[in-house]
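Please look through the sequence and the model shown here, and then follow the description below from single residues in loops to the cores and the enclosed space.

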Amino acid sequence: MTEPDIVCEGLVRIFAVADIEVQALQGLDLLVERGELVALVGASGSGKSTLLTILSALDAPTAGKATVAGRDLTALSSRQRVDYRREVVGFVWQQTARNLLPYLTATENVQLARAIGGDRSDIGRAGDLLELAGVADCADRRPAEMSGGQQQRVAIAVALANHPRVLLADEPTGDLDEHASAEVLATFESVNRELGTTALIVTHDPAVSEHVQRTVQIRDGRTSTEVLRWTHTDDEGQEHAMAEEFVVLDKVGRMQLPSEYLQRLSLRDRVRLELNPDHVGVWPGQAGAAESPVVERAKRDETPSPESAPTRRSLRERKDHDDV
């Protein structure tokens with residue numbers, strides 16, 4: 001069985017500012033299989049960029065474990081971290097000035113990245129990567145002679161120069177308009193499909209859902225929900241895009257309910273749970289709130305069989321019903 005390309009277990013990152021400690025990551029778990037194309041979303045300050053700097057070996061976690069392409073990032077020496085950034089991961093920043101040298105052409109930027117990685121063979125690879133990124137016509141142009149979208153697609157070619165196993169991108173469409181953003185996201189999709197490169201994209205762009213297989217949301221320093229997407233072919237041969245949202249359950253059984261569920265059902269501080277044969281029921285637990293079915297049964301001294309117990313739909317099923 002192929003090992004995942006990204007494994008994060010109980011990842012914690014604490015920053016100390018003066019006498020204040022800020023927890024950017026609070027026991028985050030994340031698994032990205034080899035060849036997956038995944039988007040990472042979340043509000044500002046949720047820990048997305050912190051996670052990306054750890055995965056790129058530009059920072060180290062306070063606690064927990066992070067493994068990328070079989071390498072334990074917490075155990076790498078300084079020299080090994082440099083080699084890791086050159087050979088294992090490629091990185092695309094939001095600011096194009098951080099991705100490309102302004103006095104070099106697109107081809108020269110790719111060739112320089114290859115030379116830094118120690119590979120000066122196959123001089124045609126730069127052209128192949130620029131063609132894959134859809135910017136072959138920019139081969140002899142400097143960054144100032146390209147649009148923002150073209151610069152970011154050239155940056156993707158540069159990030160791929162040394163055959164990385166994993167491609168990381170921090171808000172690569174943040175400074176682009178809708179059309180240019182779609183082109184950049186389509187390039188990530190092409191790279192993933194043609195080269196099999198695993199890609200993790202941090203983004204606020206809602207259009208990313210059209211280009212990735214899985215969207216992971218981070219909230220308060222932990223993964224909270226995931227949306228999985230696939231294509232279903234019906235009996236008539238028509239293809240339909242399908243998607244389903246899941247709440248992430250960590251190794252000790254913790255999960256974060258979506259904010260809209262908490263507000264709609266007034267869930268806070270504590271809740272009541274009921275274990276059913278096929279689902280778990282959740283009810284408000286404040287004093288004075290309506291009793292859960294378990295408490296009501298106990299008061300009536302009833303123990304109904306599974307066959308006679310009332311059927312209850314889970315919150316997810318209710319949400320699906322409401323959406324219909």
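In this predicted model, His-163 is partly exposed, because its relative accessible area of 49% falls in the range between buried, under 20%, and exposed, over 50%. The place of His-163 is in the loop between α5 and β7, and its phi is near 55 degrees, a positive value in a residue that is not glycine. Asp-220, which sits in the loop between β9 and β10, likewise has a positive phi of about 55 degrees without being a glycine. With 53% relative accessibility, however, Asp-220 counts as exposed, since the cut-off for that class is over 50%.

A third loop residue, His-211, belongs to the stretch between β8 and β9 (214-219). Is His-211 buried or exposed? Its relative accessibility is 14%, and therefore His-211 counts as buried, the limit being under 20%. The side chain of His-211 makes a polar contact of 3.1 Å with the side chain of Glu-189. When neighbours within four places in sequence are left aside, His-211 is in contact with Leu-37, Ala-182, Leu-185, Ala-186 and Glu-189.

From these loops the description turns to the interior. In soluble globular proteins, nonpolar side chains tend to be buried together. Here the largest nonpolar core has 35 residues, and those with the most contacts inside it are Val-92, Val-110, Leu-130, Val-154, Ile-156, Leu-167 and Phe-188. At least two residues of this core come from each of the strands β3 (37-41), β7 (166-170) and β8 (198-202), and likewise from each of the helices α3 (106-116), α4 (125-132), α5 (148-159) and α6 (178-195). The largest share, six residues, is supplied by α5. Val-154, not counting residues up to four places away in sequence, touches Leu-100, Ala-106, Leu-130, Val-135 and Met-146. There is also a second, separate core of 30 residues, which includes Leu-40, Leu-73, Leu-76 and Val-216.

Empty space is the last topic. Rolling a probe the size of a water molecule over the atoms shows where such space is left. The structure holds one cavity of 30 Å³ or more, and the largest cavity has a volume of about 70 Å³. Its lining is formed by Gly-27, Asp-29, Arg-222, Thr-223, Val-248, Asp-250, Arg-254, Met-255 and Gln-256, with β2 (20-32) and β10 (222-233) each supplying at least two of the lining residues. By character, the residues of this lining divide into four charged, three polar and two nonpolar.

Technical notes:
Residues numbered from 1 in each chain as written. Predicted model: local features only at pLDDT ≥ 70, side-chain atom pairs only at ≥ 80, totals over all residues. Heavy atoms only, no water. 1 Å grid on protein atoms, 1.4 Å probe; cavity = no way out; pocket = protein on both sides within 12 Å on 5 of 7 lines; lining within 4 Å. Points joined across faces, edges and corners; volume = space filled by probe spheres on them. Helix = DSSP H or I, 4+ residues; strand = E, 2+ residues; numbered from the N terminus. Nonpolar A, V, L, I, M, F, W, Y, C, P; charged D, E, K, R; others polar. Core = buried A, V, L, I, M, F, W, Y, C linked by side-chain atoms within 4.5 Å. Buried < 20%, exposed > 50% of the residue type's maximum accessible area, 1.4 Å probe, protein only. Contact = heavy atoms within 4.5 Å. Polar contact = N/O pair within 3.5 Å; in protein donor to acceptor, adjacent residues only side chain to side chain.
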